[in-house]
Structures are given as structure tokens and as C-alpha cells.
Protein chains: 2
Amino acid sequence: MPQLRKDPIIGRWVIIATERGKRPHDFVIANDAPLETHCPFCEGNEKETPPEIYAIRRENTAANTPGWDLRVVPNMMPLMQLEGEMGRRGQGMFDLMNAIGAHELIIETNKHVANITELDVDQIACVFDTYIMRIKDLEKDTRIKYALIFKNYGVVAGASPIRHSRSQLIALPVNPKRVKEELVGCKRYYEYKERCLFCDMIRHEINAKVRIIAHSDGFIAFMPYASRFPFEIWVLPQEHSCDFHSLNNSKGLARVMKTVMGKLSVGLNDPPYNYLIHTAPFRRKTSVGYWKTIDYDYHWHIEITPRLTKVAGFELGSGFYINPTPPEDAAKFLNEIKEL
Amino acid sequence: MPQLRKDPIIGRWVIIATERGKRPHDFVIANDAPLETHCPFCEGNEKETPPEIYAIRRENTAANTPGWDLRVVPNMMPLMQLEGEMGRRGQGMFDLMNAIGAHELIIETNKHVANITELDVDQIACVFDTYIMRIKDLEKDTRIKYALIFKNYGVVAGASPIRHSRSQLIALPVNPKRVKEELVGCKRYYEYKERCLFCDMIRHEINAKVRIIAHSDGFIAFMPYASRFPFEIWVLPQEHSCDFHSLNNSKGLARVMKTVMGKLSVGLNDPPYNYLIHTAPFRRKTSVGYWKTIDYDYHWHIEITPRLTKVAGFELGSGFYINPTPPEDAAKFLNEIKEL
């Protein structure tokens, strides 16, 4: 019989449709796009992007010329910009403000490779260090409340058809809804239990042994109990920490991410996916209410969601998800993959 | 400059990316699927579905034989079932229950037509009357808290490739997350203003005149101020009402829906879409807290979401949406369509 499982963080019920029981081979994954003939993100084409904000460069090379290993540039069609006034105002009964913030592109390698799995561990660690550096820089702007870091891989996952490994940062003057919900959920749990919900979840998963994908270097990757999507994976630091940018072991995280993404890629034939870093908002010390206990009750993590099923409008409209593959089955399948 | 607009109901901020300014012709819509050679929902193939729960039949025709205009059958792969115990229980720190409920298919016509726009107004009214009848029947089961009614049109929107007009009902022993959020938001507004938020929104839209798509027969259809998706449309009864199944003018609703869906179909070249009815939960009289004022503060409505853009994982993961087409532009475009 299918089960209804409850996400303990935000209280969302998910149908785990065990009887439909999609096996990994049932997923028809279309990750194709016409092969591009030209890439604006490759070394030598620096003039085709806006001027770089940051780069890891070899000695004696000038900005916006070849000689780099990683570049950060403003998004070519930025959704947010740092210039201008916030202009928070009403419009009749409604509220709006200008889209003050930042929208950056992290070009993760000078090589024309598509997937993060094709980078070596040191380069992936550089990507995480770059995220941290950009977050710390944007945190100084008192108008910014949150920095969302995410990756769209494959056109099905919302990426453009250019197959050059990159991720995005959107800095916002508001907190995203989902983050607020997590903060509220974690605070409620902490008030009741006096423990971090995510720390409890890590202990639970280590005991249960059925949903873990990787566990090393101080990080753990598992499929959440109430997974919304088949093969959804969360990666967390085992030691409690609310801010992603307090990470001081980017190489350990890189190793675990490479393992996890490698298993997904091999097991599901290079599927489209997204990942999104969930971290605590900025400037909580000056705020009130549920921000107060956040150092103890929130726990940063990365949510990886392969795009194997179509999200029906019913799911978008109701907040109610149907997952045809129990996370235990998905974990078992990935853990049987030996060669990477 | 792009705007951040706030949804007044659940407080979600949306980027309205005016500068990317996608015009309707920019959307590449793939609503194709291989043409099916056989349809289990056509008249004459009644044996290919589970036995009917309800049907509108011509005189002297037996159940599960030809002679019907509309049929309701259990979904062939039901996500929920009425038989069994709820079995609400813990599993370590987690919560689960059996998927007690119902999952029904409303086959809207005996003809092999794909889109609701191809039905006449009387037949569409029959579809709404059938929704009401099924909701009233399921409401009697004290285990059921909510009946979600929705339609997936086109494979991109999550439908199977069989092009026969139908919708689905999922009856749940829990309230969907999104509905809870709307109830909380409407209650807060009511407590502050002593008015229904949706009633205020209707008055605002009538004055603003820039987002209305249809307004007749006691119903109004407009594009919400903080639309998450291009061409998102909400249809509401102008007179306050919290329960969809208290509707007594299904023909008026059918007329407005046929107009709205016709404009979408003509204007956007038969796009994939979903619609979902948002109505108040069952059995609120026996509950506590925010259910108490619901008769005054909640307002049923239908949310129509064409599937023109890929939802990036970033949006699913953050609850933060990017809409490349301002609703005012989308409304203007649809309202310039004269012939239907």
C-alpha cells in the first residue's frame, strides 16, 4: 500500500507510491540538446561575458584574458542588480520593491566539460571556496538578506543548452519562502526537543542504514525519508553548522559530492539535476523572533534533485508531491554501483 | 528594472523579470506526443477501465457499457484507496500513515477530444457538477480531509499521452501544504482587515483593469499580481464563497472557463496546462484554530497554470519564482484575441 510520509522539517506530506514502484530503469531521461558550436564560457572567449568579478588565475595574467581556472562574472541577463534604491512600496493592496541584489555566474572550469563529475576533487573544492568568498563579499551589503547558490544541469533542469559546467548565485533582499519555512520548522523542533532537527536526522539515518549514499570526511549524504522526488539526495556536514560559508573543509565536501554525483551519473545515465545550497540568512543578529536561535537550530545542507519525473501542476499548485520510487529502493540501487 | 512582487496570500516574493520581457511568441511550446492508436477512455472501451463509480447515462443503458456522456472511474493505478486502516504511526523520529483516500478519473466526454475547449458549455457544466457530486460523496467519509481536483493537459503538464479530455480527484486524509498556507494567510488578513483577502483582490482587479481576462456570469478571471508563471490565471466567484461544492451556477463558471481556456489555446497555440481547484477543507467545524473563521476568510478559486517555461530546481528548492512575462503584458496579449 502506498504510504504518506511527513517531512519533519516543514510538515509536508508526500505520497511514496510503492505500488507504482518505478525502478530506476523505468525513467526515460531526455538530457539531450543540440551540440553547441560555440561556448562563451571557454578560455579565450572572455570578452563574451561581462567583466569578471573574481577569478582564480595563473601568475601574470590580466583580468578578462586567458590564464584562469575559474571565473565569476555577472549573469548576462541579470535578474537582480546592486545599483539603485530598494524602493519598497505599495501598489494598491499589493507590495513590491526593486530587484536589488546580485546575479552571478560561477564558471567552474576553463575546460569545456558539462558535468561537475568531470572536474577533479581539487577543482570542485575551488568551486565551493569561491561560493564562500562570494557569499562573504555580498554579506557586507546590508540590503542583501540571502544568497541562493544553485546549479541547473541539463536543459530539462532549466539550464541553457551550453554544456559548460557552471553554477549561479542570486543574492536577494528578501528570504526565500522555503528557507523561512525550514527556519520555522527547525525552531519549533528545537524548542520542543532542545536539539537540532537535522542533527537528529543524521543520527537517525546512521542507525537506519537504508538511505545513506556516502559518509566520509565529516559529511553525510542520504535520501530524505519523505523525498519529494525519486533519487533526491541531501548532503550535510555531520558536525552542526548553520552557515555554509563557515565551511573550512571544502575538500572533504568536494570528495563526497564527487562520489554522490558520480553515482547518480553512472546509475541514471547522466540525468539532468539541480542542486541548491540551503544556508541560514544573513544579518540575523539584528533581527527578531525566529532568527534568534538559528545558530543552534538550523543546519546548512545541499539538496540535490535529479529531474526524472515531470512535476505535474497539481504538485506545484497543492504543495503535495507524489514520489514513485521509495528512497530506500533508490539508495539500494545507487549503492550497488561499484565502479565510478 | 525587474520587480519583486509579493503574493499577498502566502507572502511569497516573485521576480517579475520585465527586462527579459518574454513576449508570448518567444515561448517554444512542445505539446506533441505520438498519436495514440487506441484510447481506453472512449465509448465502447468501458471494460478497459475499472468499474464506474458514477456516470451520466442515456436511459436504459447499463453501467460499464456504451451510452454515457461522462464517466467517473477509479484511477487505474490509484495513489490512494478507501480500504484499510489509517495506521498513523511513527517510524523512529518520522511520521507516516497509509494512503487512505481516493483517486478518481473524471472522463469528461465520450468523444475522443483532448482539450476542455472542445466541449460545449453544457458539457463543461456537467463536468463541474460531477466534481461537486463526487466531493459531496467523499465528504461523508470522516477520514477524508480534502478533495483535490485537477487537470493535467499535455505530456509536459504531466498527462499521459492519451488525448482524451479528463480530470482527476485525489481525496486525502491530510490537508495539502499549499492549502494550509492559503488558509493561514487569509486568516491573518481577515483578522487585520475584517475583509476577505480574495474579495479585496477582486475589487482591486476590477478597478485596476489591467489583469482581467474575463468577467461575466458572476465570475472573474484575472492574472494574479504576483504570478509565478507566465499566463497564470485565477478564476473566482465574484460573490464570497469558501466551498467549491456550494456552487449553484455551474453553467456560468463553464462559460467563463470556456472563454479563458479558449483564449489561452488560441493565443499560445494549444499550450500544455494544469488547473487545480483550491477550496476549503472538509470537517472544519470540528476543528480548532484557523479553521474557525474559514467561512468568512477563505474564497474558493481555480488556478490555471500554462506550462510555458521550465521550472528550474532552484524554484522548486527555494520557493522563489522567476516570471519572465509581467501579468499585465500577458493579459493585454490575451485580450487582443477576438475570434474564438
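The paragraphs below go from the relation between two chains to a pair of helices in chain A and then to one helix in chain B.

This is a predicted model, and a helpful place to begin is with its two copies, chains A and B. Two copies of a chain are related by a rotation about an axis and a shift along it. Here, a turn of 180 degrees together with a shift of 0.0 Å along the axis lays chain B on chain A with an RMSD of 0.0 Å, and that is the relation of a two-fold axis. Because 100% of the interface residues of chain B are also interface residues in chain A, the copies meet through the same surface.

Within chain A, we can turn to the packing of helices. Two packed helices are described by the angle between their axes and the distance between the axes. Helix H1 (residues 121–139) of chain A packs against helix H4 (residues 250–267) of chain A at about 120 degrees, their axes being 8 Å apart, and H1(A) passes H4(A) in a right-handed crossing. Among the residues that make this contact are Ile124(A) and Phe128(A) of H1(A), and Leu253(A) and Met257(A) of H4(A). The residues of the contact divide into seven nonpolar, one polar and four charged.

In chain B, helix H4 (residues 250–267) has 18 residues, which at 1.5 Å a residue should span 26 Å, and its end C-alpha atoms are 25 Å apart, so the two values agree. The buried residues of H4(B) include Leu253(B), Val256(B), Met257(B), Val260(B) and Leu264(B), and also Lys258(B) and Lys263(B). Just after H4(B), Asn269(B) takes a positive phi of about 60 degrees.

Definitions and conventions
Residues are numbered from 1 along each chain as its sequence is written. Chains are lettered from A and ligands numbered from 1 in the order in which they are written. This is a predicted model: local features need pLDDT of at least 70, side-chain atom pairs count only at pLDDT 80 or more; totals for chains, interfaces and linings use all residues. Axes are lines fitted to C-alpha atoms, for helices over the stretch in contact, and angles run from 0 to 180 degrees between N-to-C directions. Helices (H or I, at least four residues) and strands (E, at least two) are DSSP runs, numbered from the N terminus. A crossing is left-handed if the near helix is turned anticlockwise from the far one by less than a right angle, and right-handed if clockwise. Two residues are in contact if their C-beta atoms, placed from the backbone, lie within 7 Å. Ala, Val, Leu, Ile, Met, Phe, Trp, Tyr, Cys and Pro count as nonpolar, Asp, Glu, Lys and Arg as charged, and the others, Gly among them, as polar. Copies are superposed by least squares on the C-alpha atoms of residues with pLDDT of at least 70 in both. The expected span of a helix is 1.5 Å times one less than its number of residues. A residue is buried if 20 or more other C-beta atoms lie within 10 Å of its own, exposed if 12 or fewer, and partly exposed in between; C-beta atoms are placed from the backbone.
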